[in-house]
Amino acid sequence: MDYLLHILIMVCIYSIVSMSLNILAGYTGLLSVSHAAFYGIGAYTTALLALNAGLPFWINIPAGIIISGVIAFLVAWPSLRTYDDYFVITTFAFQIIVFSILNNWVSFTGGPLGLPGIPQPDIFGIKISSHVSFLIFVLTFAVLTYIFLNRLMDSPFGRILKAIREDEIFTTSLGKDVMKFKLTAFIIGASIASISGSLYAYYISFIDPTSFTIMESIFILSIVIIGGAGNLKGSIVGSALLIFIPEMLRFVGMPNSIAANMRQIFYGLLLVMFMMFRPQGIMGKFAFGKEGGVKEEVKKDA
Amino acid sequence: MFNQLLINSIIAGSTYTLIALSFSLIYSTTKFFHFAHGAVYTFCPYFAYLFTVILGMPLFISIPLAIVSSALIGILIELSIYKPLRRKGTTPLILLLASLGIYIVLQNLISMSFGDDTKTLRSGIVREGLEILGARITPIQIAIIIVSMLLLIVCRALMRYTKMGTAMRAVASDPDLAVISGINSDGVILFTFALGSALAGIAAILVSFDIDMTPTMGMNALMMGVVAVIIGGVGSIPGAALGGFLLAFAQNFGVWKISSQWQDAIAFIILLLFLLYRPYGFFGKKIRKVEV
Amino acid sequence: MLEVSGITKHFDGVHAVDNASLKISQATITSLIGPNGAGKTTLFNIICGYIEPDKGAVQFNGKNLNGCAPHERASAGIGRTFQNMRLIKRLSALENLMLAFNYISPPLTGGDEGEGEKGEGVSENPGFIKTLFYSISRTHEIKNKEKAYELLDFVGMKDKVYEPAGSLSYGQQKLLSLACCLALDAKLLMLDEPVAGVNQETIHKILSLFRELKKSGITIFLIEHNMDAVMEISDRLIVMDEGRIIADGIPSEVKEKPEVIEAYIS
């Protein structure tokens, strides 16, 4: 039972981070592989504040959001000058750089050894320690995130993001500052990703840089793509799929040593299959330019 | 000290150049980021390991066999995934994502089959290496430099003086025109994958003899190759060399002053600078055009 | 209204536009014609800000546009349609129009903007949160929607409001693009081949819309290859060839000029 709760908690955490990436990648068409960096920044901010300053979660999590937001601005500002696949490479570079900082700045982040002993969050003195209470804690955040992002995407703002995804030049011709919108989308996505990081830090109570690598970024992106780019519900479905199924493999007697490999092969294969046959994923609205078989050819200077 | 850094830079530069060359050939004809190239790279020394250590073949058979196997993997990926995608119409982004998926699958297959621990192709003791001008260099490292430079020259000649080379350049500069002119662009692409994969395999084997091998070696090698290509300019063979050496020097002399753990960060900061300010590198042509 | 002086642009050593100058007066219809590759679309792109010229200046309503980004020029009142139809195909016709509106809708006749609902008024200072999330208050969304219905009615597409733009006919898409410019409250419409590829009936419809727009003070500057339409609707004709403007004047006169005839034959 505890095991099932554990999986549900992870699904919630990944739902939040993949919904946040969906805003960027699915709704605005900005495929970023730097999201694990912001996930990590949230985790580290919360961990450091909780460990060193004993601050409660309702300060740590917003702090993470703000710091993620600021760093997102620094990353996005130059990155958004590149397009399409070059944008992916640019965010790849930023991801590696942020990871290097987390891994090498030992005095601040504990380096490869990480930060152990993160205290549990508490509400009015009651510690959230059991799996059940943590699930409720995380679920609340997930639901709030969903409601917030859903409303945002249904608003004029969301409409403009979708328009940017489909045809940037047309959107510009309607008087919209496309760069500003992309920046805002990026920052929102990164800030919300940091919430998952904070929750993750509280849950596992120990974090190290290996949870926030480029492979993690690619995993989160895969959830968004497989679940469905441009559809928040798709990210929830995708998270469930990509977390449940590999765990089920463990049940069917797969030896632990290759379980991690099989999990990666599972989503790697799904990624290839979907790209070949259904780029919009399970329930997505964006097919990376391959909508209805028509190639949208708007090439830009890198 | 300085001389050692110099030698190290030249060795690393040669490696990067070869990887950059292998990637550049494929990118300039297919115009997308073939991430799986990193896995193809990794496969070669592991094939060699399979043939040599597990099946007991002598090196002079297993190495060429491994290189051919690498080329075959590259061809297999092109035929089973990229070509069908191109047939039905696709975008560079979709190809990149598919390629990422392929990389993940292949890298994990290697991990599962051989384990994540470091393997080596060397037998016997590690030899000290020669001393040149106060710096140490091993025979394999000398081999890296010589082989890379040789292959660079051979490829340049191939591109300039052979029919296939001309066809490759045609497909690279204007795919539609190439097809109209009667060039079998699918065939050219296939050849490019075979060649590029083989070159990557050679690079990987050389590196494995020098510093052993792990299943994840490909991702890092690939990224260094990408950085080198972007510095030097896409589609330019001398550019690949310029990029490779510039990167190697920047990294080696850079970590002289700061700790070596920042090597990756240095490479990627350079990548960012070039992507943002000189996206076509030193010798490349503008890859994209505005279409309003 | 629009003044272009000495615009020059090279691409790879070729003069795409060579020292082009022209003036467009308000409430007129001007056509820009010329053989393929003459640089017409490039000139349009430069005026609208998508391409930076090597030399020259563009003035709109007396204001120098040099350095202004394309979206700023659009907001200033220059509407644009493109040679390759540009619309958001998966959004409905209505939603495409809604995209064009700013924080509040343009005035219905010219009088009743800025009623100061809770201090919002004219879109000058919509507040930090609003700018961040580009949110429009409910009332404004409703107002915008009403305006959108009106515009669709104006172009004769009232029944297609909720159709995805991608499933409209080519002619209807052209009308929708025109409507989007109007939703932008553009005072100058720069239209790239507005009647290309549509049937006679639609051409007539579009041309009569142009006449109506001209009556309400809107200026139209268009690129076209359809000579009949051009002769029928234009107050003025400008001819470009190989990047240069070779004729500029009343259509009936320009048509007869030897250099114009030569440009088309060679």
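The paragraphs below describe the fold of chain B, the sheet of chain C and the contacts that chain A makes with each of them in a predicted model.

Chain B is a good place to begin. Its secondary structure comprises 11 helices and 2 strands, and along the sequence these elements follow the pattern α-α-α-α-β-β-α-α-α-α-α-α-α. The radius of gyration of chain B is 19 Å, close to the 19 Å that the globule rule gives for 292 residues, so chain B is as compact as a globular protein of that length. The C-alpha trace of chain B spans about 55 × 45 × 35 Å along its principal axes. Of its 292 residues, 53% count as buried. Sequence separation adds to this picture: when contacts in chain B between residues at least 6 apart in sequence are considered, 77% of them join residues at least 24 apart.

The contact between chains A and B comes next. Chain B contributes 41 residues to this contact and chain A contributes 40 residues. On the side of chain B that touches chain A, three helices each supply at least two residues, namely α3 (59-87), α4 (92-114) and α11 (263-277). The most comes from α4(B), which gives 14 residues to that side. Sorted by class, the side of chain B that touches chain A holds 29 nonpolar, 7 polar and 5 charged residues.

Chain A also meets chain C, in a contact that takes 20 residues from chain A and 22 residues from chain C. Here the elements of chain A that give two or more residues to the side touching chain C are α7 (156-166), α8 (168-173) and α9 (178-204). Of the residues on that side, α7(A) gives the most, with 6 residues. The class make-up of the side of chain A that touches chain C is 9 nonpolar, 6 polar and 5 charged residues.

Chain C itself offers a sheet to trace by eye. In chain C, 4 strands form an open sheet with antiparallel pairing, in the order β2-β1-β4-β5. At the edges stand β2 (14-24) and β5 (63-64) of chain C, each with a single partner strand, so one side of each is left without a neighbour in the sheet. For β5(C), the connection to strand β4 (residues 55-60) of chain C consists of 2 bridges, and the two strands run antiparallel. A handy residue pair for locating this pairing is C:Gln59 and its bridge partner in β5(C), C:Asn64.

Terms used:
Residues are numbered from 1 along each chain as its sequence is written. Chains are lettered from A and ligands numbered from 1 in the order in which they are written. This is a predicted model: local features need pLDDT of at least 70, side-chain atom pairs count only at pLDDT 80 or more; totals for chains, interfaces and linings use all residues. Two residues are in contact if their C-beta atoms, placed from the backbone, lie within 7 Å. Ala, Val, Leu, Ile, Met, Phe, Trp, Tyr, Cys and Pro count as nonpolar, Asp, Glu, Lys and Arg as charged, and the others, Gly among them, as polar. The radius of gyration is taken over C-alpha atoms; the globule rule is 2.2 Å times the number of residues to the power 0.38. A residue is buried if 20 or more other C-beta atoms lie within 10 Å of its own, exposed if 12 or fewer, and partly exposed in between; C-beta atoms are placed from the backbone. Two strands pair if DSSP finds at least two bridges between them.
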